[in-house]
Amino acid sequence: MIEILEFSGINELRPVAVSAEGFDPLTCGVGWRNNKLSAGLLVGVAVLFGTLEGETFTPLGFEHEGYTYAWGVVTPTETAPSAGSTKTTTLLTYALNPSSPISVDALVTVGKFSYCSARSFDYGYGERMVGIRIDTLETMFSEIYVQAGFQDVIALSPMRPAVEIQSLNISIG
Amino acid sequence: MAVLPVRGEVLWKNLKLDLNYNFALYLIFGRLVGNEFYPKTFTADGQTWIRATQWTDTVDVPKGSTQTTRFITYLPSGTYDVMVIIRKYTEDTDIVWTDLGYMSCEDPSKCWRCMGMKPEVLEKICTGYDGMRIFTGVRVG
């Protein structure tokens, strides 16, 4: 199911039992078509994860170092293909670690990115983005070209650790 | 307090890590009370250090296989609960005390037996680890 939403449809962050500690790499592919933008125009593409109910999207989020982040990723440096053409934008992020299985919806936005307002959290020491500060969500784009909600894009289960520590032995020497 | 040279190894199973992934093995020595882990500490250079050691290595087994990682440190004799953590290696967790002084990546001659860790480093490594387990009642000496 795909719905075109207004940006004002973003709700307050819903506090959920997800954590930024422990995650799996997650790749998002966003396919979009340029109807009338100038070819080569710099645009931002964002994916936020949360729950979509009717026309209201509620991001999932987490706390980190005193700030609240919406789980998601944005690239500010995508370029528009020629008018009438389609393009797939790939975004890398992390799947958060829920305390119980959840199904996650997504809100995808393509728009004019506002560099001064977005504040993101990159958990992996510069490798990929995992969250966008909640207080910058509504000003992250100065103009929205299109916005679409997608339901049940990913099912998450509590993460299995990357390694299983099996035994320890210790001796003098 | 007198300390003893200590060595050992940790056997762990690689579930998801890629070959050649740079990781650090940490052992933090303390006491587990309920669900709370209380690290033991000592003082050196006017600072409080957590009794801990680290060893860096790379993953050399495929997913599903086991690997052994060795470690060395100094400890007072006694019985410890030991928190073992494996996580991605980053230089910002290298703030440790060794028997040759502060660890320095630029000067390998100062990289020897780790025996202490700054408390703020422990906070950092306790987030985002790849695996963790606490062993209780580990006897030393």
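The exercises below work through a predicted model with chains A and B.

**Exercise 1. Gauge the confidence.** State the ipTM and pTM of the model, then find which elements of chain B have the lowest and the highest mean pLDDT.

*Solution.*
- Step 1: Take the global scores. The model has ipTM 0.84 and pTM 0.57.
- Step 2: Turn to chain B. Its average pLDDT is 85. A score of at least 70 is reached by 84% of the residues.
- Step 3: Go element by element. Strand 9 of chain B (residues 101-102) has the lowest mean pLDDT, 58. Strand 7 of chain B has the highest, 94.

**Exercise 2. Outline chain B.** Give the numbers of helices and strands in chain B, and their order along the sequence.

*Solution.*
- Step 1: Count the elements. Chain B contains one helix and eleven strands.
- Step 2: Read them in order. The pattern is β-β-β-β-β-β-β-β-β-β-α-β.
- Step 3: Check burial. Chain B has 141 residues, and 30% of them count as buried.
- Step 4: Look at contacts with a separation of 6 or more. In chain B, 73% of these join residues 24 or more positions apart.

**Exercise 3. Describe the contact between the chains.** How many residues does each chain give, and which element of chain B gives the most?

*Solution.*
- Step 1: Split the contact by chain. Chain B supplies 28 residues and chain A supplies 18 residues.
- Step 2: List the elements on the chain B side that give two or more residues. They are strand 1 (4-14), strand 7 (78-88) and strand 11 (131-140) of chain B.
- Step 3: Pick the main contributor. Strand 1 of chain B gives the most, with eleven residues.
- Step 4: Sort the chain B side by character. It holds 14 nonpolar, eight polar and six charged residues.

**Exercise 4. Trace the sheet that joins the chains.** What is the strand order, and why is one side of each edge strand left without a neighbour?

*Solution.*
- Step 1: Write the order. This open sheet of three strands runs 12(A)-1(B)-6(B), with antiparallel pairing.
- Step 2: Find the edges. Strand 12 of chain A and strand 6 (66-75) of chain B stand there. Each has a single partner strand, so one side of each lacks a neighbour in the sheet.
- Step 3: Add the twist. Neighbouring strands of this sheet are turned by 20 degrees against each other on average, direction ignored.
- Step 4: Inspect the pairing across the chains. Strand 12 of chain A (residues 163-172) pairs with strand 1 of chain B over nine bridges, in the antiparallel sense. Here S171(A) has R7(B) as its bridge partner.
- Step 5: Inspect the pairing within chain B. Strand 1 and strand 6 of chain B pair in the antiparallel sense over ten bridges. E9(B) stands opposite R70(B) in strand 6 of chain B.
- Step 6: Recall the general rule. Strands of a sheet pair through backbone hydrogen bonds, parallel or antiparallel.

**Exercise 5. Classify two residues of chain A.** Is A70(A) buried or exposed, and why does V146(A) count as partly exposed?

*Solution.*
- Step 1: Place A70(A). This residue sits in strand 6 of chain A (residues 67-79).
- Step 2: Count its neighbours. A70(A) has 27 other C-beta atoms within 10 Å. The cut-off for burial is 20 or more, so A70(A) is buried.
- Step 3: Check a distant partner in sequence. T136(A) is 66 residues away from A70(A), yet 9.7 Å away in space, C-alpha to C-alpha.
- Step 4: Place V146(A). This residue belongs to strand 11 of chain A (residues 141-156).
- Step 5: Count again. V146(A) has 14 C-beta neighbours inside 10 Å, so it counts as partly exposed.
- Step 6: Name its contacts. Leaving aside neighbours within four places in sequence, V146(A) touches W32(A) and V110(A).

Terms used: Residues numbered from 1 in each chain as written. Chains lettered and ligands numbered in written order. Predicted model: local features only at pLDDT ≥ 70, side-chain atom pairs only at ≥ 80, totals over all residues. Contact = placed C-beta atoms within 7 Å. Helix = DSSP H or I, 4+ residues; strand = E, 2+ residues; numbered from the N terminus. Nonpolar A, V, L, I, M, F, W, Y, C, P; charged D, E, K, R; others polar. Pairing = 2+ DSSP bridges. Buried ≥ 20, exposed ≤ 12 C-beta atoms within 10 Å, placed from the backbone. pLDDT = per-residue confidence, 0-100. Axes fitted to C-alpha atoms, helices over the stretch in contact; angles between N-to-C directions.
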